[in-house]
2 protein chains.
Amino acid sequence: MTPSLSAELWPDVSPDAARRLMLAGVESFAGRGFHATTTRDIATKAGMSPAALYVHFPSKAALLFEISRSGHEQTLRVTQRAIERGGTPVESVRELVTDFVAWHARRHTVARVVQYELHALPPEEFAVIAGLRRRIERAVRDVVAAGAADGSFRVDDPATATRALLSLGIDVARWYTDRTRTAPATLGRQYAALALRMLGVPEA
Amino acid sequence: MTPSLSAELWPDVSPDAARRLMLAGVESFAGRGFHATTTRDIATKAGMSPAALYVHFPSKAALLFEISRSGHEQTLRVTQRAIERGGTPVESVRELVTDFVAWHARRHTVARVVQYELHALPPEEFAVIAGLRRRIERAVRDVVAAGAADGSFRVDDPATATRALLSLGIDVARWYTDRTRTAPATLGRQYAALALRMLGVPEA
């Protein structure tokens, strides 16, 4: 439980106690799942009392929502910046897959909660997250469709290809561990080449 | 809770009560996670008493192990049969991805427990499952390596390409629901074409 890690993960969240609770929440939810974790478990892990937790988050679900919202906003930002930086559809997909995969590898514990604990969210919060997920998916699909339209890609169904691209990145959160020997950035570049070939860019 | 579904899922398990408990376990673990589920929850869902559960499974972990072992043996069989049927590396990958993806779509609730509740297994049981996973991975990697060797595939790193192929299938269990409009077999064929392109078979 290092304050520096929580500050790195959530630079926009303050005070430090809230970030520590988010980190304790991530570790608990990733380890035993949302439903098996109590607010007392989280508070204890963060070195606080359950009452202190409620100062920052009204409920366990509110804490999960903050972790999920922040994680989805980060991946949306990673996606948008990579696409802008890329410029052409081919370079956008290369940058996007590199960064999206690297994010899921580097942040694998956070990403596991972000990707696999969605259904524990209450309906209203789930709707907010579903909206962020649609924006991520749409950003990727627009690039895939642009590349199909200008002849850069050979794609039968942009929606399916988009789904497959996102799956390659998301699934990294399932299997990547601190002991994985391939560095996040290296894995990102390897997957970017595979992704471009999948879109019919054989020289990738 | 239909006995016919549990019989379809686990034709080799008997008696019917054991299959009903496995189905109740799958639904509970997929819904709330292993740690948040009690043996009482599972027994009640199966219309039985907790004591009756212990007649068939000595513990909740033993039930999870049976679900996991059976699911991994099924995917290993699906993988091996597809590879044999395919013959050439290209056709083997086509058959393999088609069937592996279709299995994860059709059996998405079972697959979710099989793929995402591994770490709840006790060490000895985890070792058995890890062995099955290595056999699945090796079967796929051998086909990828054979295709790289005979010039059918253009692959920089067979291990990474194998990981990506398996990811495409496994991640289907995360997002596929009973409301998904693409049928399992159709999705399997679409992903097989994407997978072959990823391996440098542009005409796929």
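**Notebook: a two-chain predicted model**

**Entry 1: the annotated stretches.** I began with residues 15-75 of chain A, whose end C-alpha atoms lie 23 Å apart, with 77% of the span in helix and 0% in strand. Helices (H or I, at least four residues) and strands (E, at least two) are DSSP runs here, numbered from the N terminus. I picked that span because UniProt, in an unreviewed entry, lists residues 15-75 of chain A as "domain: HTH tetR-type". The same kind of record, again unreviewed, gives residues 38-57 of chain A as "DNA-binding region". For residues 38-57 of chain A I noted 70% helix and 0% strand, and 13 Å between the end C-alpha atoms. UniProt positions are given in the numbering used here, feature names are shortened, and annotations may be inferred rather than shown by experiment.

**Entry 2: ground rules.** This is a predicted model, so to speak on its own terms: local features need pLDDT of at least 70, side-chain atom pairs count only at pLDDT 80 or more, and totals for chains, interfaces and linings use all residues. Residues are numbered from 1 along each chain as its sequence is written, chains are lettered from A and ligands numbered from 1 in the order in which they are written, and side-chain values use heavy atoms, with hydrogens and water left out.

**Entry 3: chain A as a whole.** I counted up the elements and got 11 helices and 0 strands in chain A. The radius of gyration of chain A is 18 Å, close to the 17 Å that the globule rule gives for 204 residues, so chain A is as compact as a globular protein of that length. (The radius is taken over C-alpha atoms, and the rule is 2.2 Å times the number of residues to the power 0.38.) Along its principal axes, the C-alpha trace of chain A spans about 60 × 35 × 25 Å. Of its 204 residues, 53% count as buried, meaning under 20% relative accessible area, with exposed being over 50% and partly exposed in between (1.4 Å probe, protein chains only). I also checked contacts (heavy atoms within 4.5 Å): among those in chain A between residues at least 6 apart in sequence, 65% join residues at least 24 apart.

**Entry 4: A:Leu53.** Back inside the DNA-binding region, I looked at A:Leu53, found in helix H4 (residues 50-56) of chain A. What does A:Leu53 contact, leaving aside its neighbours within four places in sequence? I found A:Leu21, A:Thr39, A:Ile42, A:Ala43 and A:Met48. A:Leu53 is buried, at 0% relative accessibility. Its C-alpha is 6.0 Å from that of A:Ala43, though the two are 10 residues apart in sequence.

**Entry 5: a cis bond in each chain.** I spotted a cis peptide bond from A:Ser14 to A:Pro15, omega near 0°. A:Pro15 lies in the loop between helix H1 (3-9) and helix H2 (16-32) of chain A. Chain B has a cis bond from B:Ser14 to B:Pro15, with omega near 0°.

**Entry 6: two long entries on chain B helices.** H8(B), residues 123-149, has 27 residues and reaches 37 Å from first C-alpha to last, close to the 39 Å expected at 1.5 Å a residue. (The expected span is 1.5 Å times one less than the number of residues.) Its buried residues include B:Ile129, B:Leu132, B:Ile136 and B:Val143. Among what covers them I listed helix H5 (60-86), helix H6 (89-106) and helix H9 (158-170) of chain B. After H8(B) comes B:Gly151, with a positive phi near 85°. H5(B) also has 27 residues, and reaches 39 Å. H5(B) is mostly covered, with 19 of its 27 residues buried. B:Gly87 follows H5(B), and its phi is positive, near 85°.

**Entry 7: how the chains meet.** Chain A can be laid on chain B with an RMSD of 0.0 Å by a turn of 180° and a shift of 0.0 Å along the axis. That is the relation of a two-fold axis. The superposition is by least squares on the C-alpha atoms of residues with pLDDT of at least 70 in both copies. I then found that 100% of the interface residues of chain A are also interface residues in chain B, so the copies meet through the same surface.

**Entry 8: across the interface.** A:Ser167 sits in helix H9 (residues 158-170) of chain A. Buried or exposed, I wondered about A:Ser167? Buried, with a relative accessible area of 1%. Beyond residues up to four places away in sequence, A:Ser167 touches B:Leu168, B:Asp171, B:Arg174, B:Trp175 and B:Tyr191. B:Tyr191 in turn touches residues of chain A including A:Thr160, A:Arg163 and A:Ala164, and residues of chain B including B:Val97 and B:Val172. Which residues touch the most other members of the largest nonpolar core, with its 134 residues? They are A:Tyr191 and B:Tyr191. (Such a core is a set of buried Ala, Val, Leu, Ile, Met, Phe, Trp, Tyr and Cys residues joined through side-chain atoms within 4.5 Å.)
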